[in-house]
Amino acid sequence: MPSITSQYLARYRRITAGEGAGALLPVTGAQRRFALVRSLDPAGRPDVVPMFFAFPHGTVDPARLQAAARRLAARHTALRSRPKVVRGTPVLHVGEPDIRVTRPAPAPGERPADTLRRALASWDPQAPPLRLFLVRDDEHRTEDLLAVALDHAVCDGRSLARIAEELGAAYTAESLVAPEETEAELAAYHEAVLLQLAAEERADTPEAAAYWADRLRAVRAHAPAPRPERVPAGTLPSGSAEARLPAHDGRIPFPGLLDACRAAASALYGPDRVVPLGYPWGGRPAGAQPVVGCFLNTVVFPAATGHGPAPEVTADAWWDDLDRADMPFDAVVAAARSAGPGWNGALDGLLTVDDDSRRPPLVLAGVEGREVHIDGRPVRAPFAVSVTQGAEIRLRMVWDRAVHDDTTAHRAFDALAHALRPAARALG
């Protein structure tokens, strides 16, 4: 039987037969996952990845920023392409770099962060995948907030730092992007996607399917954790907690982070559950140019709650997972469903890990923006953990208040931080 990747490529070729030079581009397995995520959302919302920056009041020129964003999108095919589904087949539709800087008007008495949160909540799936929102604090005249927001289907974590760096460079430059430069990047992007799909096709084997079917056999579509009776009026959709831990000039091994997430899942879901956690892994395919796009696959880790296995057991299982980490997410879901009923690909937890040396600030005409967090936005999973490693370990957890009450979530965060503190000390 043809693999899911082979079937996808066959469908793509059928719908683009007779098309021009590529108005519709194929998508990677990572992008197909975001199409799946959107289909599972009752409101059909896409995943949105925002970066927030605070600038001194009045220093950002909206017209100059808009021109810079259009130059940036003209250079990168993914940033001027809208995700679409044509005859049941996910594709990217290449368009013009019609990027605009929106200045949402604050409601009376509304803080700039609340205004940005409201603007992002009204995301129009038909609009460009890259959008900028600027809110000026004309009342206190201290800092203005800028959101650089992207549909996750056109970028992954490795693209964000480059987008921030090149947006700053384009803000300073005034030269237009030459048409031949745009065409060359389009060809490079198309080739990178085809190389990625070829790698996924090679990874999508019966042996890998059998491995994931066995690995995820215990993951079932189970009843969610007890929901609070209601989210109190005026409460934001999500809660958050954060901590800073000493790094002692080292990095916590990834299996240790998985075990810490397992500890949090135990506090959230109770014992004797198998909680599917997702984390991004991979990179651009061999031979591809370093284009901006969405290439990182999501790997599933089945976290058994309660008393977890010894750290070396987690490490061994993780290494085995990485040997099959190139199998695309939708193929993994199909393999898991073949082993038993129930799991539709929804993840109960997400883990992302960043290196702070790879996150350059956004600099506009010599003025450095301070990256900030704006909490309270809807989250895609019941809980999500982000870890930034560098001179110290910055730990954040957010949770969906419609699934987990704040008291239980804070206990889970305490369990998460407690599990990581011994690992951080062991690095010294």
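In the predicted model, helix α5, formed by residues 157-172, lies across strands β2, β6 and β7. The direction of α5 makes an angle of about 40 degrees with that of β2. The three strands crossed by α5 belong to an open sheet of five strands, arranged in the order β5-β6-β7-β2-β14 with mixed pairing. The edges of this sheet are occupied by β5 (101-102) and β14 (370-372); each has a single partner strand, so one side of each is left without a neighbour in the sheet. Helix α4 (residues 112-121) also packs on the sheet, where it touches β2 (48-56), β6 and β7. The direction of α4 makes about 155 degrees with that of β6.

Within the five-stranded sheet, β6 (residues 130-135) and β7 (residues 143-151) are paired in the antiparallel sense, and six bridges connect them. Leu132 is placed opposite Val148 of β7. Strands of a sheet pair through backbone hydrogen bonds, in either a parallel or an antiparallel manner.

Helix α5 also meets helix α3 (residues 62-75): the axes of the two helices come within 8 Å and cross at roughly 125 degrees. Because this angle falls outside the ranges for roughly parallel, roughly antiparallel and roughly perpendicular axes, α3 is classed as oblique to α5. The crossing of the two helices is right-handed. On the α3 side, the contact is made by Arg64, Leu65, Ala68, Ala69, Arg71, Leu72 and Arg75. The residues contributed by α5 are Ile163, Glu166, Leu167, Ala170, Tyr171 and Thr172. Classified by residue type, the contact of α3 with α5 comprises eight nonpolar residues, one polar residue and four charged residues.

Arg100 is located in the loop between β4 and β5. With a relative accessibility of 52%, Arg100 counts as exposed, because the cut-off for that class is over 50%. When residues up to four places away in sequence are not counted, Arg100 touches Gln66, Arg70 and Leu132. The last of these contacts, Leu132, is the residue that stands opposite Val148 in β7. Arg100 and Ala63 are separated by 37 residues in sequence, while the distance between their C-alpha atoms is 8.9 Å.

An open sheet of three strands is also present, with the order β1-β4-β3 and antiparallel pairing. Strands β1 (24-25) and β3 (81-86) stand at the edges of this sheet, each with a single partner strand, so one side of each lacks a neighbour in the sheet. Strand β3 is joined to β4 (residues 89-94) by six bridges, and the two strands run antiparallel. The bridge partner of Val86 in β4 is Thr89.

A further helix pair is formed by α8 (residues 254-269) and α9 (residues 311-322), whose axes come within 9 Å and cross at roughly 115 degrees. Helix α8 is therefore roughly perpendicular to α9, and their crossing is right-handed. Helix α8 contributes Phe254, Pro255, Leu258, Asp259 and Arg262 to the contact, whereas α9 contributes Pro311, Thr314, Ala315 and Trp318. By class, the residues of this contact between α8 and α9 divide into six nonpolar, one polar and two charged.

How values were computed: Residues are numbered from 1 along each chain as its sequence is written. This is a predicted model: local features need pLDDT of at least 70, side-chain atom pairs count only at pLDDT 80 or more; totals for chains, interfaces and linings use all residues. Side-chain values use heavy atoms; hydrogens and water are left out. Two strands pair if DSSP finds at least two bridges between them. Helices (H or I, at least four residues) and strands (E, at least two) are DSSP runs, numbered from the N terminus. Contact means heavy atoms within 4.5 Å. Axes are lines fitted to C-alpha atoms, for helices over the stretch in contact, and angles run from 0 to 180 degrees between N-to-C directions. Angles under 35 degrees count as roughly parallel, over 145 as roughly antiparallel, 65 to 115 as roughly perpendicular and the rest as oblique. A crossing is left-handed if the near helix is turned anticlockwise from the far one by less than a right angle, and right-handed if clockwise. Ala, Val, Leu, Ile, Met, Phe, Trp, Tyr, Cys and Pro count as nonpolar, Asp, Glu, Lys and Arg as charged, and the others, Gly among them, as polar. Buried means under 20% relative accessible area, exposed over 50%, partly exposed in between (1.4 Å probe, protein chains only).
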